[in-house]
Amino acid sequence: MEPIEKLNAHLADALNLMRAAAVLGWDQQTYMPPGGADARAEQLATLSKLAHEHFVSDETGRLLEDAERAVDGTSPDSFEAALVRVVRHDYDLETKLPTALVEAIARETTRAHGVWVKAREQNDYAAFAPTLERIFDLMRQKAEALGYEDRIYDALLDQFEPGMKTAQVAEVFDGLRSELVPFVQQVFARLDAVDHAMLHLPYDVSKQAAFGLEVVKQLGYDFSRGRQDIAVHPFTTNFSINDVRITTRYLPNFLPSALFSSVHEAGHALYEQGGDQSLENTMLAGGVSLGVHESQSRLWENIVGRSKPFWQHFYPLLQKTFPEQLGNVSLDAFYRAINFVSRSLIRVEADEVTYNLHIMLRFEMENDLLEGKLSFKDAPDAWNSKMEQYLGITPPTDREGILQDVHWSSGLIGYFPTYALGTLLSVQYWDKALADVPSIPDDIAQGNFATLLEWLRANIHQHGRKYWPDELTRRVTGEPLQYRSFMRYLRSKYGEIYEL
Ligand code: ZN
C-alpha cells in the first residue's frame with residue numbers, strides 16, 4: 001500500500017533522530033563523566049527539536065491524511081489501520097506542543113538530572129526545590145497545551161497510559177486501598193515470622209553479576225540483541241527491536257537488589273525484543289503503554305522471579321555461587337526470605353505487599369502540587385506524613401524521602417500510576433496464561449521459561465502498539481483492568497508465607 005510506505009519512510013527520519021537521542025540518554029546514565037552534563041543537555045535539546053519538527057511537519061500531516069484515505073474500509077485489526085491510528089494519536093498530541101516548550105523541557109530536565117544527583121548526595125532538598133518547581137511549571141504548561149476535560153493530571157497521564165483518566169485511577173486505587181491497607185496491617189503484625197538476615201550478608205559483587213547474567217540469559221533475553229550495564233537508577237532502553245539495553249546496580253550487602261532489578265529490566269526487554277520484526281522502524285514497534293510495559297517487568301520479577309518453582313530451578317546454582325552465605329539455608333527459608341515484607345522507604349526496594357502504597361502517595365502528591373494545593377516548600381513534610389500514614393514510618397532524611405528517585409527530575413509527572421496499573425495487569429495476564437497453559441509453573445521448575453515467554457509473545461509482545469491498552473487487556477483476558485485478581489494473589493501467597 002503506497003501511502004503507508006510513504007508515511008513510514010517519512011517517519012523513519014523522526015524515529016532515527018529519537019533513537020539517536022536515546023543512545024545519548026543511555027550514555028548519560030551509564031558512562032558519561034559529570035563534566036559532560038551541560039554539553040549533553042544541548043545535544044539532547046537539538047536532537048529533540050529536530051525530531052519534533054520533523055514529526056509535526058506539514059508533510060507528516062499530508063502523508064497521514066493520504067494514508068487515512070487509503071486504509072478507509074480495511075479491517076481495523078490490520079497493520080495499516082493500526083499504524084495510521086497510532087500515528088494520528090501521537091501526531092495530534094505532538095502538534096499541540098509548541099517547539100519552544102518541547103525544547104525547554106528537554107533542556108531543563110537534562111540539567112535537572114545533575115542537580116538532583118548532587119542534592120540527593122548532599123541531602124539538600126532546598127538546593128533541588130527551585131528546579132522541581134520549574135519542572136512542575138513546565139508540565140503544567142504542557143498539560144494546558146495538550147488539553148483536558150476534567151483534571152489537569154489527565155493530560156499528563158494520557159501520554160503514558162493512552163485513554164486512562166485520573167478519576168479512573170483514583171477509583172481503582174480507592175478499591176485497592178480499602179482491601180490493601182487492612183491486609184498490610186495484618187502482615188505488619190507478623191513481620192517477625194520471616195527471617196531474612198541471610199540476604200543482608202556481604203555478597204561479592206562480581207559473583208552477583210555473573211549469577212544475574214545467567215538468570216536473564218535463561219529467561220530468554222537475547223544478548224546478541226542487547227547488553228547489560230550499571231546505572232544509578234536501573235532502566236531499559238532500546239534503539240531497535242534488535243538493540244534493547246538493560247541496566248542494573250549492585251549492593252554488596254543486599255543480595256535481592258541487583259538480582260530482582262535485573263529480572264525486572266529483562267522483563268521490559270523481553271517485551272521490546274518480542275515485537276514482530278515487521279514492526280521494526282515503524283511507530284508500531286515498542287510497548288503499547290507504560291502500564292502494560294510494567295505488567296511484563298513485574299510479572300517476571302515477582303510472579304515468576306519470587307516464586308517457588310523459579311527457585312527450585314535456580315537455588316542450587318545460587319547456593320553453589322554463595323556457599324558461605326546460603327549453604328545451610330533451605331529452599332523454603334530462602335523463598336520466604338526473598339518475599340519478606342517491610343515498612344520500606346522506597347518503591348524500588350518495596351515488597352509486593354506495600355509497593356502500591358508508594359504509588360498512591362506519589363499520585364496524590366503530584367496532583368496536589370500540580371493543582372497548587374501543596375507548596376514546594378511543604379512538599380517534604382507532606383511526603384513524610386503520608387509515609388507515616390500508609391507505612392507507619394517516617395524517612396529519616398529527605399535523601400530517603402522526597403529526593404529518593406529520578407522521576408520528578410526527569411519530568412515524569414503522571415507516570416507513577418502506571419507502576420501500579422502494571423502490577424494489577426501482571427496478575428490478570430498471569431492468571432490467563434495459566435488457564436491456557438497449566439504446565440507453566442512445572443516448566444519453570446524445570447528451567448523451561450519458553451512456554452511462558454511464547455504465551456506472552458503470542459498474546460502481547462508481538463503486537464507492539466497495535467491495540468490500545470484497554471483493548472489489549474480485554475482481548476487477552478476477556479475483562480478490563482481490575483484490582484481483585486491482584487488482591488487474591490496477595491492473600492494466597494502472603495497468607496501462606498506469614499501464616500495469616
Ligand atoms: Zn519497570
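The legends below describe close-up views of a predicted model. Local features require pLDDT of at least 70 and side-chain atom pairs pLDDT 80 or more, whereas totals for chains, interfaces and linings use all residues. Residues are numbered from 1 along each chain as its sequence is written, and side-chain values use heavy atoms, with hydrogens and water left out.

**View 1. Coordination of the zinc ion by His-264, His-268 and Glu-294.** The donor atoms are NE2 of His-264, NE2 of His-268 and OE of Glu-294, at 2.1 to 2.4 Å from the zinc ion. Donors are N, O and S atoms within 2.8 Å of the metal (3.2 Å for Na, K and Ca); water is not among the atoms, so sites may look incomplete. Along the sequence, the donor residues follow the spacing H-x3-H-x25-E.

**View 2. The two histidine ligands in helix H10 (residues 255-273).** His-264 and His-268 are separated by about one helical turn because they lie four residues apart in H10. Helices are DSSP runs (H or I, at least four residues), numbered from the N terminus. His-264 is buried at 10% relative accessibility, and His-268 is buried at 11%; buried means under 20% relative accessible area (1.4 Å probe, protein chains only).

**View 3. Contact between helices H1 and H3.** In H1, Pro-3, Ile-4, Lys-6, Leu-7, His-10 and Leu-11 meet residues of H3, including Glu-59, Leu-63 and Val-71; contact means heavy atoms within 4.5 Å. By class, this contact has nine nonpolar, two polar and three charged residues. Nonpolar denotes Ala, Val, Leu, Ile, Met, Phe, Trp, Tyr, Cys and Pro, charged denotes Asp, Glu, Lys and Arg, and polar the others, Gly among them.

Notes. Buried < 20%, exposed > 50% of the residue type's maximum accessible area, 1.4 Å probe, protein only.
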